[in-house]
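Q: Please take a close look at the internal cavities of this model. I would like the lining described by residue, element and class, followed by the nonpolar packing.

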Amino acid sequence: MAMATAKLNSPATSLVAGGRTRRSAPARCTTVIRAAAGSYSDELISTAKSVASPGRGILAIDESNATCGKRLSSIGLDNTEVNRQAYRQLLLTTAGLGEYISGAILFEETLYQSTTDGKKFVDCLKDQNIMPGIKVDKGLVPLPGSNNESWCQGLDGLASRCAEYYKQGARFAKWRTVVSIPCGPSALAVKEAAWGLARYAAIAQDNGLVPIVEPEILLDGDHGIEGALEVAEKVWSEVFFYLAENNVLFEGILLKPSMVTPGAEHKEKASPEAIAKYTLTMLRRRVPPAVPGIMFLSGGQSEVEATLNLNAMNQSLNPWHVSFSYVRALQNSVLKTWQGRPENVEAAQKALLVRAKANSLAQLGRYTGEGESDDAKKGMFQKGYTLMCQRDVSMT
């Protein structure tokens with residue numbers, strides 16, 4: 001069991017969000033502070049290291065049924081369990097995927113599904129040394145008292161859900177909340193996001209799941225990259241303050257941050273080198289080196305943009321594994337190739353391996369971008385993506 005002993009017989013000063021300091025009152029006793037991870041500490045550290053392994057990243061296929069239905073409708077398929085299973089079977093049974101993918105985030109439905117031949121999807125992943133993960137939040141809802149912002153629900157019953165997911169074979173979890181720059185963001189929204197992520201992380205670790213901590217800073221807005229950096233530093237300062245307050249084991253977590261980029265409506269695009277510079281500056285200022293892995297979200301960037309930006313960040317040595325946890329930036333070409341037709345499955349799986357290998361090379365700092373198709377260069381930003389996710393809550 002991981003623990004730290006704090007001797008509280010003298011005044012102590014600690015850093016809090018925003019760079020302020022707080023002096024604690026003197027105490028005469030010695031207090032033992034136990035990490036939330038409890039008896040799972042060693043396993044959590046091992047799992048996190050496995051996911052954060054060289055040349056590999058995460059395939060995120062944890063879309064809700066409603067969001068998955070939108071993906072399927074784009075190729076003319078109905079949103080049925082059979083079609084969702086067929087698409088996810090295509091992804092999870094791709095031979096050789098484990099060379100480039102270390103973890104797969106699943107929606108609850110997928111965690112309990114099997115292939116048409118009766119093999120559990122979880123076992124398909126384990127056979128390729130891919131860690132099964134699970135989305136555990138219950139989606140975004142409006143945050144009262146804020147600037148038209150959101151908060152993420154799902155803490156009620158989370159411990160029992162995590163325990164069941166662990167029994168089913170999941171070994172890490174994901175909780176996504178969002179921050180909107182055009183909406184402020186308000187201090188209330190930032191604090192709510194950070195506190196919710198910290199409580200989730202502690203509960204997940206207590207039940208054997210490595211928590212992916214994801215406060216997504218949305219691309220919406222016309223702000224410049226300096227403004228994005230300022231907000232990102234503010235958000236991650238709050239997040240790590242509350243992670244520490246909840247005794248979360250840093251060696252047993254993974255982060256899923258947004259890259260620091262200008263807003264989607266900003267008049268000038270930033271180069272991969274500029275995005276790498278600002279993103280790594282933020283991470284070095286806010287993220288302890290004890291954290292094993294930074295698994296970036298793509299956030300509506302094109303497949304090529306997301307890969308080029310990741311590659312730029314791996315041109316220098318970093319104290320953490322800097323990699324990817326992509327949804328659309330890995331799946332977009334796959335869907336277009338598949339079109340719901342059995343005869344296209346092999347070609348679609350090859351398309352998945354192309355994207356997975358490209359991002360594997362980017363994790364190693366060896367991606368060049370040569371030979372990429374025009375489709376892979378098209379942006380996938382959707383304005384108001386938060387609102388769409390909110391509507392999905394009532395549809396799942």
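A: A cavity here is a set of points, on a 1 Å grid over the protein atoms alone, where a 1.4 Å probe fits but cannot get out; points join across faces, edges and corners, and volume is the space filled by probe spheres set on them. The model is predicted, so local features need pLDDT of at least 70 and side-chain atom pairs 80 or more, while totals for chains, interfaces and linings use all residues. Residues are numbered from 1 along each chain, and side-chain values use heavy atoms, without hydrogens or water.

Three cavities of 30 Å³ or more turn up in a search of the whole structure. The largest has a volume of about 160 Å³. Its lining (residues with an atom within 4 Å of a point) comprises 17 residues, with Ile217, Leu219, Ser258, Met259 and Thr261 nearest the centre. Helix H8, residues 225–245, gives the most to that lining, with three residues (helices are DSSP H or I runs of at least four residues, numbered from the N terminus). Eleven lining residues are nonpolar, six are polar and none is charged (Ala, Val, Leu, Ile, Met, Phe, Trp, Tyr, Cys and Pro count as nonpolar; Asp, Glu, Lys and Arg as charged; the others, Gly among them, as polar).

The largest nonpolar core (buried Ala, Val, Leu, Ile, Met, Phe, Trp, Tyr and Cys joined through side-chain atoms within 4.5 Å; buried is under 20% relative accessible area, 1.4 Å probe, protein chains only) has 110 residues, and Phe240 is among those with the most contacts inside it. H8 gives the most to this core, with twelve residues.

Definitions and conventions: 1 Å grid on protein atoms, 1.4 Å probe; cavity = no way out; pocket = protein on both sides within 12 Å on 5 of 7 lines; lining within 4 Å. Helix = DSSP H or I, 4+ residues; strand = E, 2+ residues; numbered from the N terminus. Buried < 20%, exposed > 50% of the residue type's maximum accessible area, 1.4 Å probe, protein only.
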